[in-house]
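Biologist: Before we begin, could you put the sequence and the model where we can both look at them? I would like to go through them slowly, one question at a time.

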Amino acid sequence: MRLNSTIFAGLCLLAFACNKNEEKKEETPPPPSASTAVAPPSATPAAPASASAAPAAEGKTVELKVTAQATTMAFDPTTLTVPAGSTVHLVLENKKPGALSHNWALVNPGTEAKVAADGLAKGEAANYIAPEADLLANTELVKPGTTGEVTFKAPAAGKYPYICTFPGHYMMMKGTLTVTP
Ligand code: CU
């Protein structure tokens with residue numbers, strides 16, 4: 001009997017505590033969803049909203065050339081423009097002299113740090129690239145004196161950062177690809 005009442009008292013206390021907790025939760029304002037770095041998959045630019053009008057550049061191939069030096073952490077140029085719907089063929093040349101390898105990775109806006117960190121975790125054998133939804137296109141790791149390339153379909157109109165995911169490079173080695181409607 002004594003044990004039963006102890007258990008009962010314990011349950012009451014537990015129920016009370018849980019109830020308190022719920023009240024507390026309700027008082028807390030919902031966290032701002034936009035503050036997190038990881039965007040939900042639905043936020044990634046998908047196909048153009050209106051399916052009625054296909055982009056004029058649909059099927060057209062755009063040739064792009066980006067140069068990097070094996071001594072510095074910079075892309076040349078730092079701005080690129082392609083029309084939506086086009087097929088993009090990009091060549092990255094890493095010029096000697098120097099010892100730095102580079103890659104070129106197109107990512108969703110605001111995901112540079114995440115994509116670079118994920119690539120870093122994958123290591124050199126993976127070109128410092130981790131396949132993920134926020135990584136839109138990338139070349140392999142390009143050694144000094146060589147070139148790399150990638151062909152991809154231009155994403156929906158907007159501005160997209162491109163970075164080098166070689167460890168320590170992404171904060172300086174970056175540019176912006178503008179996709180025009
Ligand atoms: Cu680099």
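Biologist: What pLDDT does the chain average, and what share of the residues score at least 70?
Modeller: This is a predicted model, in which local features need pLDDT of at least 70, side-chain atom pairs count only at pLDDT 80 or more, and totals for chains, interfaces and linings use all residues. Residues are numbered from 1 along each chain as its sequence is written, and side-chain values use heavy atoms, with hydrogens and water left out. The term pLDDT stands for the predictor's confidence in each residue, on a scale from 0 to 100. On that scale 70% of the residues score at least 70, and the chain averages a pLDDT of 81.

Biologist: Over which residues does pLDDT stay under 50?
Modeller: For this stretch the model has seven contacts beyond four places in sequence, where a contact means heavy atoms within 4.5 Å. The stretch in which pLDDT stays under 50 is residues 1-51.

Biologist: Which pattern of helices and strands does the chain follow along the sequence?
Modeller: Helices (H or I, at least four residues) and strands (E, at least two) are DSSP runs, numbered from the N terminus. By that rule the chain has two helices and nine strands. Read along the sequence, their pattern is α-β-β-β-β-β-α-β-β-β-β.

Biologist: What share of the residues in the chain is buried?
Modeller: A residue is called buried under 20% relative accessible area, exposed over 50%, and partly exposed in between, with a 1.4 Å probe and protein chains only. Among the 181 residues of the chain, the buried share is 34%.

Biologist: Which residues supply the protein donors of the copper ion?
Modeller: Donors are N, O and S atoms within 2.8 Å of the metal (3.2 Å for Na, K and Ca), and because water is not among the atoms, sites may look incomplete. Here the protein donors lie 2.0 to 2.5 Å from the copper ion, and in sequence their residues are spaced H-x61-C-x4-H-x3-M. The donors are ND1 of His102, SG of Cys164, ND1 of His169 and SD of Met173.

Biologist: Why is the arrangement of the four donor atoms around the copper ion called irregular?
Modeller: Four donors count as tetrahedral if all angles lie between 85 and 135 degrees, four count as square planar and six as octahedral if opposite donors are over 155 degrees apart and all others between 65 and 115, and anything else is irregular. The arrangement around the copper ion is irregular because its four donor atoms subtend angles of 83 to 131°.

Biologist: Is His169 buried or exposed?
Modeller: His169 lies in the loop between strand E8 (158-163) and strand E9 (174-180). Leaving aside neighbours within four places in sequence, His169 is in contact with Met73, Leu100, Ser101, His102 and Cys164. Two further donor residues, Cys164 and Met173, each have a relative accessible area of 0%. With 3% relative accessibility, His169 counts as buried.

Biologist: Which residue forms a salt bridge with Lys153?
Modeller: A salt bridge is a side-chain nitrogen of Lys or Arg within 4 Å of a carboxyl oxygen of Asp or Glu, and a search of the whole structure finds four of them. In this one the closest N and O atoms are 2.9 Å apart, joining Lys153 to Glu58. The pair links distant parts of the chain, 95 residues apart, with Lys153 in strand E7 (residues 146-153) and its partner in the loop between helix H1 (2-27) and strand E1 (61-69). Lys153 is partly exposed at 49%, and partly exposed at 41% is its partner, Glu58.

Biologist: Which residues are joined with Lys114 into one network?
Modeller: Lys114 is found in helix H2 and is partly exposed, with a relative accessible area of 23%. The side chains of Lys114 and Glu132 meet in a salt bridge of 2.8 Å, N to O. Lys114 also forms a salt bridge with Asp134, with the closest N and O atoms 2.9 Å apart. Salt bridges that share partners thus join Lys114 into one network with Glu132 and Asp134.

Biologist: Which strand holds His89?
Modeller: His89 is buried, with a relative accessible area of 17%. Leaving aside neighbours within four places in sequence, His89 is in contact with residues including Thr61, Leu64, Glu149 and Thr151. The strand that holds His89 is E4 (residues 87-95).
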